[in-house]
Amino acid sequence: MELPSLPTDSFYKFFSISGLVGCIFCLSLGSKAVSDLASQGFDLELQVEKALIESRYLEENIDTLHSLHKKANEQMQNLESELPTLSSKRETDKALVRESMAQIKAGLNESKELHKKILATMKEQELKNAEIKVGRKRLADNERVTRLLINFMIFLSISLGLQSAWGFIMWYLKIQVPQDRILQNEVASLSTKKGNKSGASGAE
């Protein structure tokens with residue numbers, strides 16, 4: 001009893017097509033991994049730049065606030081030292097000085113509140129900076145994993161490409177070339193038969 005032969009035509013075509021599809025899939029997956037990693041890097045760099053700008057802005061504000069607070073304290077001390085020197089007859093001047101002192105005190109209180117808000121914002125900024133550091137570590141880990149994935153995808157793409165080429169070559173050599181020869185032999189035999197028939201009819 002003869003066993004049925006395997007459909008080598010479909011087998012070679014399957015090897016060729018599956019290798020080609022797998023190669024394209026691996027290349028697209030590797031390209032997507034590189035694109036995602038680059039996007040993460042750009043986003044993290046943008047966060048870093050924003051954090052640096054915000055930190056500089058907060059530092060400038062806190063320095064300006066310190067200088068204004070220092071000037072206000074100096075003005076307050078000058079007014080307090082001038083107040084006793086004013087005579088009792090110059091009540092108007094004393095009232096003006098007291099009013100100025102009240103305004104300066106109000107400004108000092110506002111500056112203290114603003115100082116507290118700036119300090120709270122700076123603490124939030126420190127937390128953001130810590131998150132950015134963690135994000136950088138994660139990005140470095142993702143970069144290592146992505147490199148391994150890309151190397152694996154390149155190796156797999158080459159393997160699948162060779163598989164596709166092997167399937168195509170085997171299909172061409174084992175299937176297509178013999179079929180072409182059979183077809184050529186059939187054409188030659190048909191032309192020979194036609195020649196014999198034409199020769200026989202001419203002899204008659």
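Colleague: Let's start with aspartate 36: is it buried, partly exposed or exposed?
Modeller: Keep in mind that this is a predicted model. The relative accessible area of aspartate 36 is 35%. Buried needs a value under 20% and exposed one over 50%. Aspartate 36 falls in between, so the label is partly exposed.

Colleague: And which residue does aspartate 36 form a salt bridge with?
Modeller: The partner sits in helix H1 too, 4 residues from aspartate 36, so about one helical turn separates the two. Their closest N and O atoms are 2.9 Å apart, and the cut-off for a salt bridge is 4 Å. The partner is lysine 32.

Colleague: How many salt bridges are there by this rule?
Modeller: The aspartate 36 to lysine 32 pair is one of them. Others include arginine 144 with aspartate 141, and glutamate 143 with arginine 147. By this rule, the count is 3.

Colleague: What is the N to O distance between arginine 144 and aspartate 141?
Modeller: Both residues belong to helix H2 and sit 3 residues apart, about one turn of the helix. Aspartate 141 is partly exposed, at 37% relative accessible area. The side chains meet in a salt bridge, with an N to O distance of 2.1 Å.

Colleague: Turning to glutamate 143 and arginine 147, how many residues apart are they in helix H2?
Modeller: Their side chains meet in a salt bridge, 2.9 Å from N to O. Glutamate 143 has a relative accessible area of 32% and is partly exposed. About one helical turn separates the two, because their spacing in helix H2 is 4 residues.

Colleague: Is arginine 147 buried or exposed?
Modeller: The relative accessible area of arginine 147 is 53%. Exposed means over 50%. Arginine 147 passes that mark, so the label is exposed.

Colleague: How many disulfides does the structure hold?
Modeller: A disulfide needs two cysteine sulfur atoms within 2.5 Å. The structure has none to offer: the count is 0.

Colleague: Which cysteine has the sulfur nearest to that of cysteine 23?
Modeller: Cysteine 23 is in no disulfide, and the nearest cysteine sulfur is 7.0 Å away. Cysteine 23 itself is buried, with a relative accessible area of 16%. That nearest sulfur belongs to cysteine 26.

Colleague: What is the relative accessibility of cysteine 26?
Modeller: Cysteine 26 is in no disulfide either, its nearest cysteine sulfur being that of cysteine 23. Buried means under 20%. Cysteine 26 counts as buried, because its relative accessibility is 4%.

Colleague: Which residue lies 142 residues from leucine 160 in sequence and 8.0 Å away in space, C-alpha to C-alpha?
Modeller: Leucine 160 is part of helix H2 and is buried, at 16% relative accessible area. Beyond four places in sequence, leucine 160 touches Gly19, Leu20, Gly22, Cys23 and Cys26. The residue you're after is serine 18.

Colleague: Which residues does serine 164 contact, leaving aside its neighbours within four places in sequence?
Modeller: Serine 164 is in helix H2. Its relative accessible area is 11%, so serine 164 is buried. Leaving those neighbours aside, its contacts are Phe15, Ser16, Gly19 and Leu20.

Colleague: How far apart are the C-alpha atoms of histidine 115 and asparagine 61?
Modeller: Histidine 115 is another helix H2 residue, and at 23% relative accessibility counts as partly exposed. Outside the four places on either side in sequence, histidine 115 is in contact with Ile62, Leu65 and His66. Asparagine 61 is 54 residues away along the chain, and the C-alpha separation is 9.1 Å.

Colleague: Which helix gives the largest share of the lining of the largest pocket?
Modeller: Helix H1 (8-82) and helix H2 (91-203) each supply at least two lining residues. The lining includes Gln40, Asp43, Glu131 and Arg138, and by class it has 4 nonpolar, 4 polar and 3 charged residues. The largest share, 7 residues, comes from H2.

Colleague: About how much space lies in the largest pocket?
Modeller: Other lining residues include Leu44, Ile132, Val134 and Leu139. The space in this pocket comes to about 180 Å³.

Colleague: Last one: what percentage of the chain's residues count as buried?
Modeller: The secondary structure comes to 2 helices and 0 strands. Among contacts between residues at least 6 apart in sequence, 87% join residues at least 24 apart. Of the 204 residues, the share that counts as buried is 20%.

Notes: Residues are numbered from 1 along each chain as its sequence is written. This is a predicted model: local features need pLDDT of at least 70, side-chain atom pairs count only at pLDDT 80 or more; totals for chains, interfaces and linings use all residues. Side-chain values use heavy atoms; hydrogens and water are left out. On a 1 Å grid over the protein atoms alone, a cavity is a set of points where a 1.4 Å probe fits but cannot get out, and a pocket is an open set with protein on both sides within 12 Å along at least five of seven lines; lining residues have an atom within 4 Å of a point. Grid points are joined across faces, edges and corners, and a volume is the space filled by probe spheres set on the points. Ala, Val, Leu, Ile, Met, Phe, Trp, Tyr, Cys and Pro count as nonpolar, Asp, Glu, Lys and Arg as charged, and the others, Gly among them, as polar. Buried means under 20% relative accessible area, exposed over 50%, partly exposed in between (1.4 Å probe, protein chains only). Contact means heavy atoms within 4.5 Å.
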